[in-house]
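Hi,

Here is the structure I said I would pass on. Have a look at it first, and then read my notes below.

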Amino acid sequence: MADKNKNTDDEFATVHETDSSFQDNFQTRIFKIIVIGDSNVGKTCLSYRFCADKFLKNPEATIGVDFRERTLRLDGENIKLQIWDTAGQERFRNSMVEHYYRNVHAVIFVYDVTSLASFESLPEWIEECGRHSVPPTVPCIMVGNKCDLRRIEVPTSLAQRLADGYNFPLFETSAKDPAEKAHVDAIFLTLAYKLKSHRPLRLKQPSGNIAVHLTSVREEKKLCFC
Ligand SMILES: Nc1nc2c(ncn2[C@@H]2O[C@H](COP(=O)(O)OP(=O)(O)OP(=O)(O)O)[C@@H](O)[C@H]2O)c(=O)[nH]1
């Protein structure tokens with residue numbers, strides 16, 4: 001799939017998964033990334049692909065929020081990305097919305113390339129961020145998912161215009177296609193690199209934890225205030 005972002009494989013060449021011995025000796029910076037968009041666009045599958053490198057065939061609708069995380073070593077530094085997979089369905093969001101946006105470090109807006117309606121919803125999702133006082137300095141990315149399907153309803157040119165209007169990078173990819181794994185990684189790594197250079201906060205990671213925490217569906221932490 002066409003990569004609308006300037007990052008190249010070379011730029012990510014220094015990325016390594018961390019191991020526990022590494023984590024014992026180094027501090028880790030932790031960043032909260034929320035994944036937002038209409039129901040059914042593939043937010044759960046994208047975050048699962050990034051954290052567990054698997055495709056979920058029949059995920060249940062997210063209720064409240066699901067958490068996943070993955071720790072990376074970027075240029076000699078531990079960076080933990082805490083992914084908040086938010087509910088797309090209004091009835092499952094309700095009282096959670098405040099929690100989504102509180103202290104968020106980056107936002108991923110997802111639409112389904114086979115659903116024009118999901119793309120047309122993006123400005124509303126972006127406005128919702130603004131209403132919850134997400135600072136304009138927070139890095140954002142726009143992602144068109146399900147590029148493995150044929151019936152594309154959102155042409156790249158249209159998506160690129162919207163992304164340019166907001167000054168967001170645009171990725172078109174597929175959580176389903178294993179060949180797109182590196183591309184899905186690149187979405188999160190783009191944010192990780194931006195955050196790494198912006199945020200000075202350092203948090204000490206408790207020793208002995210496994211560094212790459214791959215949550216299964218059953219193990220995921222859920223938080224629902226519905
Ligand atoms: N073909 C294809 N199907 C996908 C892809 N990503 C997700 N799906 C399917 O789309 C459906 C919805 O995926 P989810 O990841 O649950 O969507 P969501 O945005 O998290 O939905 P909510 O939890 O309701 O907000 C599921 O049936 C997935 O299997 C993809 O890249 N390609």
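Before the pairing details, one definition: two strands count as paired if DSSP finds at least two bridges between them. Also keep in mind that this is a predicted model.

**Strand 5 and its partners**

With that definition in hand, strand 5 has a partner in strand 6: the two run parallel, with 6 bridges between them. One residue pair to look up there is D112, whose bridge partner in strand 6 is N145. Strand 5 also pairs with strand 2, again in the parallel sense, over 4 bridges. In that pairing, A106 of strand 5 has I33 standing opposite.

So how many residues of strand 5 are buried? The count is 7 of 7, so the strand is mostly covered, taking 20 or more other C-beta atoms within 10 Å as the cut-off for buried. You can see this on both faces: A106, I108, V110 and D112 are buried on one side, and V107, F109 and Y111 are buried on the other.

**Helix 2**

Helix 2 spans residues 43-52. Because 9 of its 10 residues are buried, the helix is largely enclosed by the rest of the structure. The buried ones are K43, T44, C45, L46, S47, Y48, R49, F50 and C51.

What covers them? The cover over these buried residues includes strand 2 (28-36), strand 3 (65-74), strand 4 (77-86), strand 5 (106-112), strand 6 (140-145) and helix 7 (181-198). Have a look at what comes just after the helix, too: D53 follows helix 2 and has a positive phi, near 50°.

**The ligand**

Helix 2 turns up here again, since it gives the most to the shell around the ligand, with 3 residues. There are 21 residues around the ligand, and those that come nearest are G42, T44, T62, G88 and K176. T44 is also on the list of buried residues in helix 2. By type, the shell residues divide into 9 polar, 7 nonpolar and 5 charged.

**L170**

One last residue to click on is L170, which sits in strand 7 (residues 170-172). Is L170 buried or exposed? L170 counts as buried, because it has 21 C-beta neighbours inside 10 Å, and the cut-off for buried is 20 or more. If you want a distance to check in your viewer, try L170 to A182: they are 12 residues apart along the chain, and their C-alpha atoms are separated by 15 Å.

Cheers

Methods. Residues numbered from 1 in each chain as written. Predicted model: local features only at pLDDT ≥ 70, side-chain atom pairs only at ≥ 80, totals over all residues. Buried ≥ 20, exposed ≤ 12 C-beta atoms within 10 Å, placed from the backbone. Near = placed C-beta within 6 Å. Nonpolar A, V, L, I, M, F, W, Y, C, P; charged D, E, K, R; others polar. Contact = placed C-beta atoms within 7 Å.
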